[in-house]
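Q: Please take a close look at the shell around the ligand, for a reader new to this structure. Which parts of the chain supply it?

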Amino acid sequence: MTTSTASAAPREALSHEAKRMRDEYHSADVVIVGAGIFGCAMAYALGNQGRSVILLEKSMKQPDRIVGELLQPGGVEALEKLGMRDCLEEIDAIKVFGYDVIYYGEEVKISYPQVAGDSSIREKAKGIEKGRPEGRSFHHGRFIQRLRQKVLSNPNVSVVEATATDLVRCEWTDQILGVEAIRQGEPDAYFGGLTIIADGYNSKFRKAFRTDAPISKSKFWALELIDADLPMPNHGHVLLSDSAPILLYQIGTHETRALIDIPENLPSASLAAGGVKNHLTNVVVPKLPARVRPAFTAAIARDRLRSMPNSFLPATTNKTPGLILLGDALNMRHPLTGGGMTVAFNDAVLLSELFDPAVIPALDDHAAVLSAMRTFHWRRKNLTAVINILAQALYALFAAEDAQLRALQQGCFEYFKLGGNCIDGPVGLLGGIIRQPFVLFYHFFAVALLSIWLYIVRGKTVLLPVRALGSVGVFFKACQVLFPYIFAELRS
Ligand SMILES: Cc1cc2nc3c(=O)[nH]c(=O)nc-3n(C[C@H](O)[C@H](O)[C@H](O)COP(=O)(O)OP(=O)(O)OC[C@H]3O[C@@H](n4cnc5c(N)ncnc54)[C@H](O)[C@@H]3O)c2cc1C
């Protein structure tokens, strides 16, 4: 008892002094820009390790966005590791057990696999039968506010409503010392041994450190359906057809999100054809299950149409002393598979392990931090490479633009119909439960081979030799889909 009180007292004093430094001198161990998904998770994790943290956010109002609404089981597990799982409570979140993939009206139920994740295996080994992993879907803004409340409860973190405008650099060493900001209309500055930028997809700061920009070939347009009658409640719905994919998932007791992928320059969504409303009414509605159409049509009439670019940005190693870019500022993939938050929370878990104060006592030790960042870049790949490659490759198949991609799309659906490991593997990867890139390659090429086989055998017998020749093109297309994303993951 005496010991713990004695050891608690100096820590409290330290924490008090650190708070004074943050409040009066705007100085901390770490300055984080952006209290979104990644920034909140990282601030909380570092605060829990006894680091003094300043978290800057340009608006503490509840965000009203169409992103980050379905958290995969691998993200839920990471939230638990961060001690933030309770942020999923009291937001009317919906349990997600897997997906309902609908291909030209035909359905396949794809449940998250029972025993595939590390923790499930561990639990089994201990003799505890764990249920199937679960994801959660919710209103993004409500979840963000819960994350922010959680961070605000951490005594080692000061959350400041301010917009970061520029970096503060040391004139002699060029290392980053913090950020300039505008707070309540006045210029201000915040200093940290380490500055973490997590300002999201449209990062203001990324451009100074990378010459490449995110690539975006389509947008997700969003509607909020009220009391939609979904074919498979508690599942994400993926609708596949001859146009780009459509997603439907419940985000509250009464609300369902519809995300409609619209590729750039799509004729049916052009202004001349009547714009996106025309596309939704004349192209999308007929492809929906009949039971969903009334809620969808009502939403077209009622909602303000909103969109977000679907971006791809491979990660690079952070090499600037004193600065790290993370979250969407560092790495993005197509949101089709709902992987962004799972990546962000797992990155926060991994980085807080690498930054453990027992390993790196002071975060202004730039050599130690940069070395940890090199480790981070490669170690995160087991999960993030899988999620990134899968998202991009599945999007190419699901938005099939030519005959070969359509053959692969059909092969993919037929593969799911085989059930068992043909479902458990892909959805385990997508859910952040299976973290082994070779499992992705195995399933991808199994899909390619099945697609080739179906391409050859389906159709008139007389055309068999022609189709056998054409199947080479299908295989080539599969490689063309996958390899650029593998190479993107191999860059340092
Ligand atoms: C259409 C769409 C749908 C998606 N759906 C899903 C999904 O279902 N599941 C999933 O896991 N992922 C999804 N994602 C991806 C997910 O939203 C992101 O990966 C995730 O939000 C990234 O978190 P972040 O912290 O990097 O950025 P954000 O969550 O965007 O947070 C950035 C924060 O920085 C603040 N900020 C910005 N500039 C400044 C500044 N200068 N000063 C101070 N603060 C600043 C912003 O206000 C914001 O709070 C989707 C993405 C898109 C485009």
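A: UniProt positions are given here in the numbering used for this structure, with feature names shortened, and annotations may be inferred rather than shown by experiment. Residues are numbered from 1 along each chain as its sequence is written. This is a predicted model, in which local features need pLDDT of at least 70 and side-chain atom pairs count only at pLDDT 80 or more, while totals for chains, interfaces and linings use all residues.

An unreviewed UniProt entry lists residues 29-59 as "domain: FAD dependent oxidoreductase". Over residues 29-59 the chain is 39% helix and 32% strand, and the end C-alpha atoms lie 23 Å apart. Helices (H or I, at least four residues) and strands (E, at least two) are DSSP runs, numbered from the N terminus.

The ligand is surrounded by 36 residues, each with its C-beta atom, placed from the backbone, within 6 Å of the ligand. The closest are Gly 34, Gly 36, Gly 200, Gly 327 and Gly 340. Elements that each supply at least two residues of this shell include helix H2 (37-48), strand E2 (53-57) and strand E9 (163-169). Helix H8 (340-354) is also among them, and H8 gives the most, with four residues.

By class, the shell has 17 nonpolar, 13 polar and six charged residues. Here Ala, Val, Leu, Ile, Met, Phe, Trp, Tyr, Cys and Pro count as nonpolar, Asp, Glu, Lys and Arg as charged, and the others, Gly among them, as polar.

Domain 1 (16-95 + 134-212 + 313-384) and domain 2 (215-311) each give the shell at least three residues; these bounds come from an automatic or database domain assignment.
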